[in-house]
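Thank you for making time this morning. I would like to walk you through one structure, beginning with its rings and ending with a single residue in a loop.

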Amino acid sequence: DHEDYLELLSSIRNLEGVKKVFVRSGIRYDYLLADPNAGEFIRELTKHHVSGTLKVAPEHISSNVLSYMKKPGKDKFLEFDKRFKSANEKLGLKQYLIPYLISSHPGSTLDDAIELALFLKEYGFVPDQVQDFYPTPGTLATTMYYTELDPLTFKPVYVAKDLEEKKMQRALLHYKKPENRRFVIQALKK
């Protein structure tokens with residue numbers, strides 16, 4: 001239920017002297033889509049609280065990698081994207097989603113990175129930035145990175161630790177950059 005959040009945004013934008021209140025990132029679209037009133041929230045967000053772009057964090061689209069991230073499948077991202085575009089169209093606005101992506105997350109193989117690169121090509125998005133996975137204390141992902149085990153199942157987890165492979169995974173997401181050509185070709189051959 002996002003009713004309280006909508007009330008907060010509305011209250012702030014109606015304060016004297018406040019011109020605009022923008023949400024730049026931090027929308028958990030998977031939680032939002034579980035709300036029976038998701039359509040109302042998306043319309044209000046789109047109409048009043050987006051300034052051209054909205055950052056969301058699918059982080060990856062491979063079901064393999066997303067399972068280690070404990071995130072929903074790409075279908076939820078695509079559903080949110082569709083509803084966001086529809087709201088913009090109905091309101092006569094041109095606003096865009098900016099997906100936040102991570103390369104070399106524990107569990108991500110070259111095949112997963114290729115799957116993400118192909119998705120990005122089909123989706124028509126060329127990322128400006130891609131975050132390489134870096135261990136962060138106190139997270140499941142960091143535990144997987146260091147132990148190469150899923151701490152919830154104790155099953156082995158593939159972890160790209162070799163610098164060359166990390167470069168290949170990142171380059172696949174930036175496949176249009178000429179300086180990445182060598183790494184993309186190397187990844188595809190491998």
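Let me start with Arg28, which lies over the face of Tyr31, at 4.2 Å from the ring centre; a charge sits over a ring here if NZ of Lys or CZ of Arg is within 6 Å of the ring centre and within 35 degrees of the ring normal. Phe183 has such a partner too, for the charged end of Arg182 sits over its ring, 4.2 Å from the centre.

Before going further, I should say that this is a predicted model, in which local features need pLDDT of at least 70 and side-chain atom pairs count only at pLDDT 80 or more, while totals for chains, interfaces and linings use all residues. Residues are numbered from 1 along each chain as its sequence is written, and side-chain values use heavy atoms, with hydrogens and water left out.

Turning to rings that meet other rings, the structure holds nine aromatic pairs, where rings of Phe, Tyr and Trp (its six-membered ring) pair if their centres lie within 6.5 Å, and planes under 30 degrees apart count as stacked, over 60 as edge-to-face and the rest as tilted. One of the pairs is that of Tyr29 and Phe80, which is stacked, with 5.9 Å centre to centre and 25 degrees between the planes. This pair links distant parts of the chain, since Tyr29 is in helix H2 (residues 29-34) and Phe80 is in helix H5 (residues 74-91), 51 residues apart; helices (H or I, at least four residues) and strands (E, at least two) are DSSP runs, numbered from the N terminus. Both Tyr29 and Phe80 are buried, a word that stands for under 20% relative accessible area, with exposed being over 50% and partly exposed in between (1.4 Å probe, protein chains only). Tyr29 and Phe80 also belong to one aromatic cluster with Phe77, Phe84, Phe119 and Tyr123.

Which residues, then, does Gln95 contact beyond its neighbours within four places in sequence? They are Thr46, Val50, Ser51, Gly52, Phe84 and Asn88, where contact means heavy atoms within 4.5 Å. Gln95 is placed in the loop between H5 and strand S2 (96-103), and Gln95 counts as buried because its relative accessible area is 11%. Finally, Gln95 and Val23 are 72 residues apart in sequence, and their C-alpha atoms are 13 Å apart in space.
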